[in-house]
Amino acid sequence: MPCVADWLNNPFSIVQGIFAQNVPNSDWEKKVTEYFKEKLKENNATNWVPSLNDVPVHYLKPNSLVKFRCMVQDMFDPEFYMGVYETVDPNTNARVLHFGKYRDVAECGPQQEIDLNSSQTVTSERQTFYCVPVPGESAWVKEISFLTGQARVSPSTSYTPSRHKRSYEEDEDMDLHPSKQKEQHIGNKGGYGGDIHGCVEPKRLETEASVGHHLISPNCSPPLDLNFPLPGEKGPACLVKVYESWDSFKVNDVLEVYGILSVDPVLSIVNNEESSALDPMECMDTAEEQRVHSPPASLVPRIHVILAQKLQHINPLLPACLNEEESKTFVSNFMSELSPVRAELLGFLTHALLGDSLAAEYLILHLISTVYARRDVLPLGKFTVNLSGCPRNSIFTEHIYRIIQQLVPASYRLQMTIENMNHSRFIPHKDYAANRLVSGVLQLASNTSLVVDETQLEQGQLDTTGVHNVTALGNLITWQKVDYDFSYHQMEFPCNINVLITSEGRSLLPSDCQVHLQPQIIPPNMEEYMNSLLTAVLPSVLNKFRIYLSLLRLLDYSISDEVTKAVEEDFVEMRKNDPESITADDLHRTLLVARFLSLSAGQTTLSRERWLRAKQLEALRKARLQQQKCVNGNEL
């Protein structure tokens, strides 16, 4: 019976055993998947599997089982490989069958040759995804995931028994202080820790990956762009080889994959030779495409997927799947204490918004909003809030973003300066020379919080790029889609991004709801005030806020026929009393507010009380805007 160390440290031995027992029956592939699926169900075994999100690749054992939480940034063309092949010993004519699945390079013994003409050869197909860490993933998500995994990691899964696993941030620190470095990994088994061509040290290269987007590949060709959507992202990019059901995945999906890590240095040598001796008559790929699609494995490792699942969310405090029985218990227990959590969160956000409880109410509704359906082209459930009245050129908006960062699993602050608008790449575009999708700032995973800081905007001229970027932002807000640029045409990619716009006056961008900030507190030292807010809240309370906001996004919601009829009658009555100011848009927005108010209280159906409360909130919000219009004359 294989022990834990076997299936974690040497999954090939498990695959080989199942293959040998079941050949020539093709069921062996299914049995491999079932074996690992069962193993990962045992006693939180998923926490024993080292994660590429937490551990630098050169600390992981080659050909061991690893996991990776990632977003599909691009999909390459399918590739063919030898699923089963036969080797022959020229001296004895002894023949042996091998499996090629989960491998980059076909293996055979020292006295064996691959028989390319064997009738036993099975050609199979696999798909390659280019995957990056989830863009804008919050530090607390990384930290909790790291600690959860650390608690149960078997020491035998590390690269050498004496080495303790370190996070990317710690590894970066080691590289900034070379005296701390241990040199024991340089010549280790697998070869990828060493210097392949004597040009640059791979460990240094990997650290550069955590600082910027570009890496120098071992043949000293131009820098390798890791193609992260957001600037300053850390972590590895991976080529993820998928063998089953790849049609069920699409670009921008967030996945957790379990597979066999491949960092074979032979890949780098082979690819360099191919690139330098490229014959256009023999190879359809350009040199640039070769470089992008087959980067050095020490810089962009390969994962051969055994199991992959789409993630509903990336909050490590929540069960991965809420449909299982254990998860239902977790949900019901949390829902029983929802009311005090909501009250505490409202108080916390009220303090963050300088004592404005109405703005805090709307911020909660915004943070739990999500696109739950699409009717034709209209996304239902989006709730973009424009928080106007924010102080100009103040650190207030920066601190509001820091607080949101502490609450949601993924976020990004987009500073809307003329320079950013004119020079940033917002829209992903297809590079046909390299045959890849070049990422942009708006290539984000579902349920990412995008905070657009318009208080940074000053007078200036938008160029063509700037106009396109502002248009793309407007389309994202209105239609929850981004039109990727494929040169000869545009391709729509639907998304589900929560956009909060902070501005001084009314935003230039569209929004579903404008809330004008009315500070009740003017702290003498804004920095000190905001910092004290975060230090005062207990980590356990902060974790409850995080669970609250993630969980409520995932709940179902419905309106009974009885309540629907009552709402319709109420709307008709409102129109009678004030036909000019009450529109269909008002009804739609009030229904949205009522939806998120109900969910924020843990109610999955609309009640009469919540409908009346939604009307009251909307009346207060509109009165405040009207008051601001009277003061400034041109605010609306």
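# Briefing: folds, rings and a surface patch

The chain's secondary structure adds up to 19 helices and 21 strands. This is a predicted model, and the mean pLDDT of the chain is 85. Of the 636 residues in the chain, 53% are buried. Below are the confidence values, the aromatic pairs, a nonpolar surface patch and a few residues worth a look.

**Confidence**

- Residues with pLDDT of 70 or more make up 84% of the chain.
- Over residues 151-166, pLDDT stays under 50. For that stretch the model has 40 contacts beyond four places in sequence.
- Residues 275-282 also have pLDDT under 50 throughout. Here the model has 6 contacts beyond four places in sequence.

**The chain as a whole**

- Take the contacts between residues at least 6 apart in sequence: 75% of them join residues at least 24 apart.
- About 29000 Å² of the chain is exposed, and 51% of that comes from carbon and sulfur atoms.

**Aromatic pairs**

- How many aromatic pairs does a search of the whole structure find? The count is 14.
- One of them joins Phe129 and Phe249, with 6.1 Å centre to centre and 85° between the planes. That pair counts as edge-to-face because the planes are over 60 degrees apart.
- The Phe129–Phe249 pair links distant parts of the chain, with the two positions 120 residues apart in sequence. Phe129 sits in strand β5 (residues 122-132), while Phe249 is in the loop between β8 (238-242) and β9 (254-262).
- Both Phe129 and Phe249 are buried.
- Phe348 and Phe545 make a tilted pair, 5.6 Å centre to centre with 35° between the planes.
- This second pair, too, ties together distant parts of the chain: Phe348 belongs to helix α10 (residues 338-352) and Phe545 to helix α16 (residues 539-553), 197 residues apart.
- Is Phe348 buried or exposed? Phe348 has 8% relative accessibility, so it counts as buried.
- Phe545 has a relative accessible area of 2%, so it is buried as well.
- Elsewhere, Phe12, Phe19, Trp28 and Phe99 come together as one aromatic cluster.

**A nonpolar patch around Leu378**

- Which residues form a nonpolar patch on the surface? They are Val377, Leu378 and Trp479, and together they have about 270 Å² of accessible area.
- Leu378 is in strand β12 (residues 378-380).
- Why does Leu378 count as partly exposed? Its relative accessibility is 39%, and partly exposed covers the range between under 20% (buried) and over 50% (exposed).
- Leu378 and Trp479 are 101 residues apart in sequence, yet their C-alpha atoms are 6.3 Å apart in space.
- Leaving aside residues up to four places away in sequence, Leu378 touches Ala373 and Trp479.

**Positive phi outside glycine**

- Asp376 has a phi near 55°, a positive value in a residue other than glycine. Its place is in the loop between β11 (373-375) and β12, and β12 is the strand that holds Leu378.
- Asp376 has 75% relative accessibility, so it counts as exposed.
- Asn227 is not a glycine either, but has a positive phi of about 65°. This residue lies in the loop between β7 (224-225) and β8.
- Is Asn227 buried or exposed? With 1% relative accessibility, Asn227 counts as buried.

**Ser424 and its contacts**

- Where is Ser424? Look in the loop between α13 (418-423) and β15 (429-431).
- Setting aside residues up to four places away in sequence, Ser424 touches Glu419, Thr465 and Asn469.
- Thr465 is 41 residues from Ser424 in sequence, and the two are 8.3 Å apart in space, C-alpha to C-alpha.

Terms used. Residues numbered from 1 in each chain as written. Predicted model: local features only at pLDDT ≥ 70, side-chain atom pairs only at ≥ 80, totals over all residues. Heavy atoms only, no water. pLDDT = per-residue confidence, 0-100. Contact = heavy atoms within 4.5 Å. Helix = DSSP H or I, 4+ residues; strand = E, 2+ residues; numbered from the N terminus. Buried < 20%, exposed > 50% of the residue type's maximum accessible area, 1.4 Å probe, protein only. Areas by Shrake-Rupley, 256 points an atom, 1.4 Å probe, with all protein chains shown as cover. Patch = residues over 30% accessible without salt bridge, like charges linked within 9 Å, V, L, I, M, F, W, Y side chains within 5 Å. Salt bridge = Lys/Arg side-chain N within 4 Å of Asp/Glu carboxyl O. Phe/Tyr/Trp six-rings, centres within 6.5 Å; stacked < 30°, edge-to-face > 60°.
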